[in-house]
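Biologist: Got a minute to walk me through this one? I'd like to go through the packing and then the ligand.

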Amino acid sequence: MLSIQNLRAEVDGKEILKGLTLDVPAGEVHAIMGPNGAGKSTLSYVLTGRDGYEVTGGGATLDGEDLLALEPNERAAKGVFLSFQYPLEIPGVPALTFIRTALNAQRKARGEAEITAPEFLKLARATAASLKIDFGMLKRSLNVGFSGGEKKRMEIFQMAMLQPRFLILDETDSGLDIDALKIVSEGVNALRSPERAMLVITHYQRLLDYIKPDRVHVLSAGRIVASGGPELALELEREGYDKYARAA
Amino acid sequence: MTVATALKANDPTQLPSKRDEDWRWTDLRGLLRVLPPQAGAVELAALPAGAFDALVEQTHVLAGGHEAAQIVIPPDGKAALALRIVSRGEASLSVRATVRVGTGAKLRLFETYEGDASAYVTHAALDIVLEDGAAVERIVLAADGDEGVLVSQAQVSLAAKAEFGQTVITAGARRQRLETSVDHPGAHASVRLDGAYLLAAKRHADLTTIVRHQGVDGATSQLTKGVVRDQARAIFQGRIVVEEGADQTDARMGHHALILSDQAEVDAKPELLIHADDVQCAHGNTIGALDEDALFYMRQRGLPETEARALLVEAFVGEVADRILNEAAREPVRAWIAERLAS
Ligand SMILES: Nc1ncnc2c1ncn2[C@@H]1O[C@H](COP(=O)(O)OP(=O)(O)OP(=O)(O)O)[C@@H](O)[C@H]1O
Ligand SMILES: [Mg+2]
């Protein structure tokens with residue numbers, strides 16, 4: 001599914017990713033943990049094509065296709081979804097309008113028919129109910145005035161509506177209360193399937209109790225410095241990143 | 001009225017110039033060395049359908065050969081009228097309308113400026129009088145041609161408890177000024193003066209408003225938003241004067257602009273001149289570019305860049321349409337805005 005080879009990227013002339021290699025096969029969930037400033041969000045922005053993140057070496061492919069050559073919206077249409085660490089506010093655009101526009105843009109890019117208004121509303125109501133999101137919130141401008149946790153829930157709502165194939169969750173757990181963490185995790189788990197894969201960036205083992213990873217990687221100073229099974233997350237929780245910081 | 005006299009006398013030296021402080025960004029004298037001849041009669045039956053035909057009971061047209069209109073709404077009356085100011089051919093046109101809204105009467109006035117592709121120079125003078133407790137919602141769509149020059153000047157006076165709401169939407173012209181001057185008596189009267197400009201190519205639009213609060217207890221709320229791209233230029237001049245003794249005045253003014261190209265320009269002059277003590281006044285003025293982070297977020301969700309930009313811009317300007325009280329009028333206004341943004 002996703003294959004990252006020796007990826008190097010810089011921001012404002014400063015190298016942040018320093019030869020990062022990672023494979024996430026279809027059907028798997030991989031967690032990325034690592035100290036603040038290690039480059040985790042940078043990786044998610046490079047994979048989604050944000051301006052200002054310049055790739056200087058290596059590459060990344062999705063199902064064999066060069067991901068980095070595509071426009072951000074083309075990557076989205078291919079099924080790449082990023083749940084932002086800090087979701088943006090879109091003033092004046094109701095959440096539902098935004099998601100319907102996005103969904104139809106993706107469908108159009110894939111040569112599929114647009115979703116009809118009644119179909120969309122039905123889907124939105126069912127999805128909102130399963131994520132315990134008040135439908136009224138979806139009529140407000142997207143994320144404007146939403147609390148930190150509400151914004152994260154809206155990310156998962158969008159994800160559930162758009163049904164992406166490759167999911168990147170950048171600290172989706174931060175800011176969520178205990179109940180919300182559970183609901184959001186169930187939403188994410190509902191998308192687990194043999195055709196999909198996920199990259200879950202987190203600082204906390206607790207999220208991984210709910211979203212069980214197949215592999216755990218440590219990202220430190222722009223590289224994957226260690227990889228292991230779920231037990232690696234437990235070890236990190238106990239011992240911190242000290243030894244990996246030195247290794248990097 | 002210098003523009004009207006200049007047009008009637010065919011004397012460009014009487015036009016306002018950049019030496020007039022209130023016209024320094026909309027110089028007509030420097031632009032028009034000569035004035036075209038007086039407009040000939042326009043065949044009214046040949047006019048296309050109006051933007052608000054479905055919402056009005058009656059239409060008044062001001063054009064060559066039809067230079068004056070009088071609208072009177074009797075006390076407690078209720079009316080929805082269209083006023084179409086039509087510029088045709090390379091000609092000078094000066095028109096005038098008086099609108100008198102009686103005690104307790106209600107008027108929805110849909111005003112459109114309709115120009116063709118020629119180099120016309122049009123001036124419209126409106127006198128709008130609201131008697132006690134009258135309510136007027138005035139919606140203006142200015143659709144001028146690339147070569148047209150338009151000056152519209154409305155003088156509004158309100159009696160106690162009158163309500164005057166206005167939304168002016170324009171796509172600009174070669175040079176264009178849409179001016180509204182309000183005498184506000186206080187006395188529980190309220191004024192809303194909104195506007196939006198959507199300018200592309202080399203178009204110019206000047207939205208100028210003057211509100212004079214002359215008595216105790218009056219409210220004014222103003223929101224102007226706009227977008228400029230290419231080499232377009234927008235001017236916003238908003239002046240609110242609170243005269244001595246006009247206590248308990250509540251006046252709010254906002255002007256927010258998006259500049260979408262390096263060569264586009266917005267000049268803003270918000271002025272609050274307050275000569276009373278006990279007042280609540282605030283103004284906000286912002287001029288900026290589209291939020292690139294928001295654009296990336298939208299693209300990450302699948303929106304192509306042009307679509308993402310259009311959605312952000314439409315939402316930005318849409319706030320002005322949302323403030324139109326008459327719900328049925330919002331739709332044609334939104335459609336007009338969307339059409340201008342798409343072209
Ligand atoms: N625009 C920028 N200009 C300069 N440096 C930047 C810029 N954006 C990010 N960086 C730097 O890149 C490094 C990696 O940042 P990144 O946000 O990817 O870290 P992270 O691993 O996601 O950290 P956290 O756990 O705190 O979210 C940091 O040192 C950060 O300061
Ligand atoms: Mg981060």
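**Cores, a helix and a ligand**

Modeller: Sure, and keep in mind that this is a predicted model. The largest nonpolar core has 118 residues, and A:Leu43 and A:Phe157 have the most contacts inside it.

Biologist: Which helix supplies the largest share of this core?

Modeller: For that we look at chain B. Nine residues of the core come from a helix spanning residues 305–322 there, and that is the largest share: helix H3 of chain B.

Biologist: Back to A:Leu43: which residues does it touch?

Modeller: Leave out residues up to four places away in sequence. Then A:Leu43 touches A:Ile4, A:Leu7, A:Leu17, A:Leu20, A:Ile32, A:Leu199 and A:Leu219.

Biologist: How many residues does the second core have?

Modeller: That core is separate, and among its members are B:Tyr113, B:Leu158, B:Ala189 and B:Leu193. Its count is 57 residues.

Biologist: Why is helix H2 of chain B said to be largely enclosed by the rest of the structure?

Modeller: The buried set in H2(B) is B:Ala294, B:Leu295, B:Phe296, B:Tyr297, B:Met298, B:Arg299 and B:Gln300. The cover over them includes H1, H2 (72–77), E6 (80–83), H3 (95–109) and H5 (148–162) of chain A, together with H3 of chain B. H2(B), residues 292–300, is largely enclosed because the number of its nine residues that are buried is seven.

Biologist: And what caps the N-terminal end of H2(B)?

Modeller: Look for a side-chain oxygen by the backbone nitrogen of B:Asp293. One lies 3.0 Å away, and it belongs to B:Asp291. As for what follows H2(B), B:Gly302 has a positive phi, near 115°.

Biologist: On to the ligand: which helix gives the most to the shell around ligand 1?

Modeller: The shell has 15 residues, and the closest are A:Gly37, A:Lys40, A:Ser41, A:Thr42 and A:His203. Strand E2 (14–24) and helix H1 (40–48) of chain A each supply at least two residues. The top contributor, with three residues, is H1(A).

Biologist: Which residue has a backbone N or O atom 2.8 Å from an oxygen atom of ligand 1?

Modeller: A:Gly37 also has a polar backbone atom by a ligand oxygen, but at 2.9 Å. A:Glu171 uses a polar side-chain atom instead, at 3.3 Å. The backbone atom at 2.8 Å is from A:Ser41.

Biologist: What percentage of the accessible area of ligand 1 does the protein cover?

Modeller: On its own, ligand 1 has 640 Å² of accessible area. The protein's cover over that comes to 67%.

Biologist: Last one: how many residues of the shell are charged?

Modeller: Sorting the shell by class gives four nonpolar and seven polar residues. The charged ones number four.

Key
Residues numbered from 1 in each chain as written. Chains lettered and ligands numbered in written order. Predicted model: local features only at pLDDT ≥ 70, side-chain atom pairs only at ≥ 80, totals over all residues. Heavy atoms only, no water. Near = heavy atom within 4 Å. Polar contact = N/O pair within 3.5 Å; in protein donor to acceptor, adjacent residues only side chain to side chain. Areas by Shrake-Rupley, 256 points an atom, 1.4 Å probe, with all protein chains shown as cover. Helix = DSSP H or I, 4+ residues; strand = E, 2+ residues; numbered from the N terminus. Nonpolar A, V, L, I, M, F, W, Y, C, P; charged D, E, K, R; others polar. Core = buried A, V, L, I, M, F, W, Y, C linked by side-chain atoms within 4.5 Å. Buried < 20%, exposed > 50% of the residue type's maximum accessible area, 1.4 Å probe, protein only. Contact = heavy atoms within 4.5 Å.
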